Amino acid sequence: MCIFCKIVNKEIPAKIIYEDENTLAFLDINPRSKGHTLVIPKEHYETFDELPEETAVNLTKTIKKVVNILKSLNPDGYNILNNNKPIAGQEVPHVHFHIIPRYNDEKEAVIKFSEPVNVDLDEVSKELNIE
Ligand code: AMP
Ligand code: ZN
């Protein structure tokens with residue numbers, strides 16, 4: 001059983017800040033800022049695309065609730081982040097959204113994207129059958 005399923009089953013402890021029938025939100029054990037929270041569906045899926053539509057809707061509702069709960073920490077902004085598969089930085093194979101409050105006095109608050117690469121947008125459009 002994955003580590004987040006164990007948190008769902010209360011087999012390992014977590015600082016739970018919100019819970020309902022379908023979703024759970026708890027503080028990240030290695031917080032990148034004060035209030036860094038993970039939001040997960042209780043049911044185990046590995047990546048976002050695997051979620052049934054209703055689960056995705058429930059998850060999104062909980063993300064919004066958690067953003068509101070975290071307002072009591074008075075952040076100046078926040079990131080919402082979801083990594084899918086190891087190549088994208090996913091370490092725990094149970095779909096989760098990071099909510100990372102940001103504060104004006106943080107030194108490295110901005111999440112750095114990789115450098116832009118040379119991709120022909122016309123070629124991509126063809127592959128996607130758009131335009
Ligand atoms: P990701 O790299 O997107 O898969 O993020 C996984 C996150 O899970 C990391 O930020 C970890 O700090 C966090 N994490 C791992 N184990 C636990 C745990 N037992 N309780 C809370 N957060 C955890
Ligand atoms: Zn799991």
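**A note on the predicted model and its zinc site**

1. In this predicted model, the residues that hold the zinc ion (ligand 2) follow the sequence spacing C-x2-C-x38-H-x49-H. C2 sits in the segment before helix 1 (3-8), while H44 sits in the loop between strand 3 (37-41) and helix 2, so this pair ties together parts that are 42 residues apart in sequence. Helices and strands here are DSSP runs, a helix being H or I over at least four residues and a strand being E over at least two, and both are numbered from the N terminus.

2. The atoms that bind the zinc ion (ligand 2) are SG of C2, SG of C5, ND1 of H44 and ND1 of H94, at 2.0 to 2.3 Å. A donor is an N, O or S atom within 2.8 Å of the metal (3.2 Å for Na, K and Ca), and because water is not among the atoms, sites may look incomplete. The angles among the four donor atoms run from 103 to 120 degrees, and the site is tetrahedral, a label that four donors receive if all angles lie between 85 and 135 degrees.

3. Two of these donor residues can be described by their accessibility, for which buried means under 20% relative accessible area, exposed over 50% and partly exposed in between, with a 1.4 Å probe and protein chains only. C2 has a relative accessible area of 14% and is therefore buried, whereas H44, at 38%, counts as partly exposed.

4. Before going further, a word on conventions: residues are numbered from 1 along each chain as its sequence is written, and chains are lettered from A and ligands numbered from 1 in the order in which they are written. Local features need pLDDT of at least 70 and side-chain atom pairs count only at pLDDT 80 or more, while totals for chains, interfaces and linings use all residues, and side-chain values use heavy atoms, with hydrogens and water left out.

5. Taken as a whole, the chain has three helices and five strands, and from the N terminus on these elements run α-β-β-β-α-β-β-α. The C-alpha atoms fill a box of roughly 50 × 40 × 25 Å along the principal axes, and buried residues make up 35% of the 131 residues. Of the contacts with a separation of 6 or more, 55% are between residues 24 or more positions apart, where contact means heavy atoms within 4.5 Å.

6. Y45 lies in the loop between strand 3 and helix 2, and with a relative accessible area of 17% this residue is buried. Leaving out residues up to four places away in sequence, Y45 touches E50, L51, P52, T55, P93, H94 and V95; H94 is also one of the residues that coordinate the zinc ion (ligand 2). The C-alpha atoms of Y45 and R102, which are 57 residues apart along the chain, are separated by 28 Å.

7. N58, in helix 2 (residues 53-69), counts as buried because its relative accessibility is 17%. Apart from neighbours within four places in sequence, N58 is in contact with N22 and T23.

8. The loop between strand 4 (77-81) and strand 5 contains N83, and I87 is placed in the loop between strand 4 and strand 5 as well. N83 is buried at 16% relative accessibility, whereas I87 is exposed, with a relative accessible area of 84%. Not counting residues up to four places away in sequence, N83 touches A88, G89, Q90 and H98.

9. The backbone deserves a check at two residues. Most residues other than glycine have a negative phi, but K10, in the loop between helix 1 and strand 1 (16-19), has a positive phi near 60 degrees. N129, in the segment after helix 3 (121-127), has a positive phi near 55 degrees, and this residue is exposed, with a relative accessible area of 71%.

10. The largest pocket has a volume of about 650 Å³ and is lined by 30 residues, of which D28, I29, N30, R32 and L38 lie nearest its centre. On a 1 Å grid over the protein atoms alone, a pocket is an open set of points where a 1.4 Å probe fits, with protein on both sides within 12 Å along at least five of seven lines, and lining residues have an atom within 4 Å of a point. Helix 1, strand 2 (23-27) and strand 5 (97-102) each supply at least two residues of this lining.

Conventions. Four donors count as tetrahedral if all angles lie between 85 and 135 degrees; four count as square planar and six as octahedral if opposite donors are over 155 degrees apart and all others between 65 and 115; anything else is irregular. Grid points are joined across faces, edges and corners, and a volume is the space filled by probe spheres set on the points.
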